[in-house]
Amino acid sequence: MPPAHHPCGSGRGGGGPVPEGLSAPQVPRGPGRTVPGAGPNVPIAPPAPFASLDPGRQDLDRTGRPGTAPIAAWQALLVAVPVVVGSVGRIPVGALTDRFGGRVMFPVISAITILPVLYLGLWGHESLAALLVGGFFLGVAGTAFAVGVPFVNGWFPPERRGLAVGVFGAGMGGTAISALTTVRLVDSGGTATPFVVTAVLLAAYAVLAYAVLREAPGRTAPTEPLSKRLAATVRLPVTWQASALYAVAFGGYVAFSVYLPVYLKTEYGLSQADAANRMAGFVLLAVLMRPFGGWLSDRIGAVRVLTLALAVVTVGATVQAFAPSLLPVGTIAFLAMAAALGAGSGATFALVAQLSPANKVGAVTGVVGAAGGLGGFVPPLLMGAIYGSYGSYVVGLALLAVVAAAAAVFTFSVVQQAARGRRAAHRA
């Protein structure tokens, strides 16, 4: 989440209502310090003015009492809309990639994304309604992940797919790039500058991808109807097993990447800039660990990597639930969780690449990717609601610890048994 914005007017752009508890002068006209992210996994760093508001301020809630719930709720909604669209959209896009290939789908997704990016930068930041509309269509960018995994997967043998897919997944570092560059772009050129720059890069990539990319040798496109292929995909055990794990691993990463600045400002009183910088560090470590998790999965098995990663998240969330001092305990806990979530995300798709039928990798990726995105949708809303009700994040972090522990047990038992069965079938 980018550093604090400059006050930019009343925000009365003729579209959406001002959220309860916010007087008109408190709603900035510009889109805050935000810009679409460059990575394939996280569609955007929230394109919303409320992402830059400080939820620790004593604004009025619906009862007229000082509180923080209204701002936190609107922040979470504006962040969640594109995440949900990008997540659900991965299901059909993954299946379409199996049919048409990455050389077609990468340029198509990039070209489509240009329109909402320009809309948000030039006109769509004047009201809440306009931001929600722009964020909805901007979510298309998040479907690119379902294009990349099957495309990359086809170029590598099973024993090297973990690292290859992990390197591709490191594109989620676009969130950190966004957080670190947007303020400078806005300061140097105005509100629309980061959006225009992003649109130009998307257009350049669409042209370059179509000119340079080639499908893997031996690729065969399925001929079955889309609905039939999706139905067959959801019946595969690996689809649901990997979906559950990715909802925790990548969902946890998404949730922290969008909500960590709010948490740090509220729990520890950090400035917006300091909180954004720490979020960028969290994201960077997770990004670096994703290919490492894939590489390690190629060597010792994805099940072992996932079990260890989820155990680390369990411990880190448990420690942080007690709100220890940020230096050094809190920082260590968050960095440990960042590393574990990144490695776990890489290991999950190593599992997908190794266990999915070759002609269904895209479709499986779409469903699993959707689960991961939706897994990141729920925690920010939940954390905002919990803090708004209780003034504490203890319950939210305790829930994370419980979910991670349950996922570790599930991995070590059910998923490990399925992986052994798949290996035995290959040997036979």
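In this predicted model, helices are DSSP runs of H or I with at least four residues, numbered from the N terminus.

**Exercise 1.** Find the helix that holds Tyr210, decide whether Tyr210 is buried, partly exposed or exposed, and name the surface patch to which Tyr210 contributes.

*Solution.* Begin with the location: Tyr210 belongs to helix H8, which covers residues 193–212. Next, take the relative accessible area of Tyr210, which is 46%; because partly exposed residues fall between the buried limit of under 20% and the exposed limit of over 50%, Tyr210 is partly exposed. Finally, Tyr210 joins Phe100, Val104, Val108 and Ile112 in a nonpolar surface patch of about 430 Å², to which helix H3 (residues 102–122) gives the largest share, 3 residues.

**Exercise 2.** Determine which residues of helix H4 are buried, and on which side of H4 they lie.

*Solution.* In H4, running over residues 128–138, the buried residues are Leu128, Ala130, Leu131, Gly134, Gly135 and Leu138. Since they cover an arc of only 155° around the axis, they lie on the same side of H4.

**Exercise 3.** Place Ser257 in its helix, and state what its side chain reaches.

*Solution.* Ser257 is part of helix H10, residues 237–268, and with a relative accessibility of 1% Ser257 counts as buried. Its side chain reaches the backbone oxygen of Val254 at a distance of 2.8 Å.

**Exercise 4.** Compare the span of helix H11 with the expected one.

*Solution.* H11 (residues 272–300) has 29 residues, and from its first C-alpha to its last it reaches 41 Å, close to the 42 Å expected at 1.5 Å a residue. Just after H11 comes Gly301, with a positive phi of about 105°.

Note on methods
Residues are numbered from 1 along each chain as its sequence is written. This is a predicted model: local features need pLDDT of at least 70, side-chain atom pairs count only at pLDDT 80 or more; totals for chains, interfaces and linings use all residues. Side-chain values use heavy atoms; hydrogens and water are left out. Buried means under 20% relative accessible area, exposed over 50%, partly exposed in between (1.4 Å probe, protein chains only). Helices (H or I, at least four residues) and strands (E, at least two) are DSSP runs, numbered from the N terminus. The arc is that of the directions from the helix axis to the C-beta atoms. The expected span of a helix is 1.5 Å times one less than its number of residues. Patches are made of residues with over 30% relative accessible area and no salt bridge: like charges are joined within 9 Å, nonpolar side chains (Val, Leu, Ile, Met, Phe, Trp, Tyr) within 5 Å. Accessible areas come from the Shrake-Rupley method with a 1.4 Å probe; for residues, only the protein chains shown count as cover. A salt bridge is a side-chain nitrogen of Lys or Arg within 4 Å of a carboxyl oxygen of Asp or Glu. A polar contact is a pair of N or O atoms within 3.5 Å; within protein, one must be able to donate a hydrogen and the other to accept it, and residues adjacent in sequence count only if both atoms are side-chain atoms.
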